[in-house]
Amino acid sequence: MSAGGGTKAIIAALVANAGIALAKFVGFLITGSSSMLAESVHSLADTSNQGLLLLGQRTSRRKATLNHPFGFGRDRYFYSFVVALLLFSLGSVFALYEGIHKLESHEPLSSPLVAVVILVVAIGLESYSFKTAIAESRLIKGDATWWQFIRQSKVPELPVVLLEDAGALFGLVLALLGVGLSTLTGDPVWDAVGTICIGALLGVIAIILIVEMKSLLIGEGAAPAELDAIVDELAAGKVQRVIHIRTQYIGPDELLVAAKIALSPGLPAAEVARAIDDAELRVRNKVPAARLIYLEPDLDRTMAKS
């Protein structure tokens, strides 16, 4: 899966979440609903998260230096990892704390209709953000399922925004149920239960993102299909076979390829250089993300022995 897109989805999510956070916080001040407070903090965290994703995209475009000869592409992975940590701490942990506190205090809701109206409007805005993220993701998802896209994508921002928006939508529904049931039954415990459910939901999403972003941050190799394509392109022309190969994404759109290739014995130096250049060109044409390719020529000693 190639890198690309994502900025439109991040900006849409940032604008939507900023407005939603303000509306939810006003709703909390009016109603005293813990679900509304949890959702306010959640939306505020999401707004900050989108800012961090945009910052990561910007800093990743810095030119390579002597200390960082492969550039700063992993900045996008780092800031996405920070986003996942914030979603867990500011979103999940706070919601669980607020829900448990509400269970113990049994504080009644005031003006629940205000909370319902705000939540319904928020669902509409969040749906727009989620729809934008889905449209952006479809451009690079290919034939993969959505779960495969989240697990395999080397573009960190889109899985983050997708899961954030999905969690926000389900969280809004849970908050709406909590407020609605508390109003219908007159028992504020339902508002607390809704808040705890929101915390649990955000915790699951945050853990998924933490695991995936950590994997990207420490370095992932090419996907099996990409690796097969690279090996096939290398093992052509005057290359007899690929003896061994290592790959690693050093950024969402930059793949490092290092391989030892067996060439026909007796080739003059000029032919060896031409064979390597041809092999690199074939790989880049097939897998554009393979921008950094280092090939070591060798003899196929297994064939020599036979």
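**Exercise 1. The enclosed space**

Task: In this predicted model, determine which residues line the largest cavity, and which elements give two or more residues to that lining.

Solution. Begin with the lining itself: the largest cavity is bordered by Ile-150, Arg-151, Ser-153, Pro-159, Glu-212, Met-213, Leu-216 and Glu-220. Next, assign these residues to elements, which shows that helix 5 (146–152) and helix 7 each give two or more residues to the lining of the largest cavity. Helix 7 gives the most, with three residues. Sorting the lining of the largest cavity by class then yields four nonpolar, one polar and three charged residues. Finally, turn to the space: the largest cavity holds about 40 Å³, and the count of cavities of 30 Å³ or more comes to one.

**Exercise 2. The open space**

Task: Describe the largest pocket by its volume, by the residues that lie nearest its centre and by the classes of its lining.

Solution. The volume of the largest pocket is about 220 Å³. Its lining is made up of 14 residues, and those nearest the centre are Ser-60, Arg-61, Gly-73, Arg-76 and Asp-253. When the lining of the largest pocket is divided by class, three residues are nonpolar, five are polar and six are charged.

**Exercise 3. Two helix pairs**

Task: Work out how helix 6 is oriented relative to helix 7, and how helix 1 is oriented relative to helix 4.

Solution. Take first helix 6 (residues 157–185) and helix 7 (residues 189–218), which pack at an angle of about 170° with their axes 7 Å apart. Because angles over 145 degrees count as roughly antiparallel, helix 6 is roughly antiparallel to helix 7. The contact of helix 6 with helix 7 comprises 16 nonpolar residues, six polar residues and one charged residue.

Then apply the reasoning to helix 1 (residues 7–31) and helix 4 (residues 112–141), whose packing angle is about 170° and whose axes lie 9 Å apart. Helix 1 and helix 4 are therefore roughly antiparallel to each other. By class, their contact has 15 nonpolar, six polar and four charged residues.

**Exercise 4. The sheet and the helices on it**

Task: Establish the strand order of the sheet, explain why strand 1 and strand 3 each have one side without a neighbour, and state which strands helix 8 touches.

Solution. The sheet is open, with three strands in the order 1-2-3 and mixed pairing. Strand 1 (239–251) and strand 3 (292–299) stand at the edges, and each has a single partner strand, so one side of each is left without a neighbour in the sheet. On average, and with direction ignored, neighbouring strands of this sheet are turned by 15° against each other.

The mixed character can be followed pair by pair. Strand 1 and strand 2 run antiparallel and are joined by 10 bridges; these strands form a hairpin with two residues between them, and Gln-248 has Leu-256 in strand 2 as its bridge partner. Strand 2 (residues 254–263) and strand 3, by contrast, run parallel and are joined by eight bridges, with Leu-263 standing opposite Leu-299 in strand 3.

The last step adds the helices. Helix 8 (residues 224–234) packs on the sheet, where it touches strand 1, strand 2 and strand 3, and its direction makes about 140° with that of strand 1. Helix 9 (residues 269–286) also packs on the sheet and touches strand 1, strand 2 and strand 3, its direction making about 140° with that of strand 3.

Terms used
Residues are numbered from 1 along each chain as its sequence is written. This is a predicted model: local features need pLDDT of at least 70, side-chain atom pairs count only at pLDDT 80 or more; totals for chains, interfaces and linings use all residues. Side-chain values use heavy atoms; hydrogens and water are left out. Two strands pair if DSSP finds at least two bridges between them. Helices (H or I, at least four residues) and strands (E, at least two) are DSSP runs, numbered from the N terminus. Axes are lines fitted to C-alpha atoms, for helices over the stretch in contact, and angles run from 0 to 180 degrees between N-to-C directions. Contact means heavy atoms within 4.5 Å. Angles under 35 degrees count as roughly parallel, over 145 as roughly antiparallel, 65 to 115 as roughly perpendicular and the rest as oblique. Ala, Val, Leu, Ile, Met, Phe, Trp, Tyr, Cys and Pro count as nonpolar, Asp, Glu, Lys and Arg as charged, and the others, Gly among them, as polar. On a 1 Å grid over the protein atoms alone, a cavity is a set of points where a 1.4 Å probe fits but cannot get out, and a pocket is an open set with protein on both sides within 12 Å along at least five of seven lines; lining residues have an atom within 4 Å of a point. Grid points are joined across faces, edges and corners, and a volume is the space filled by probe spheres set on the points.
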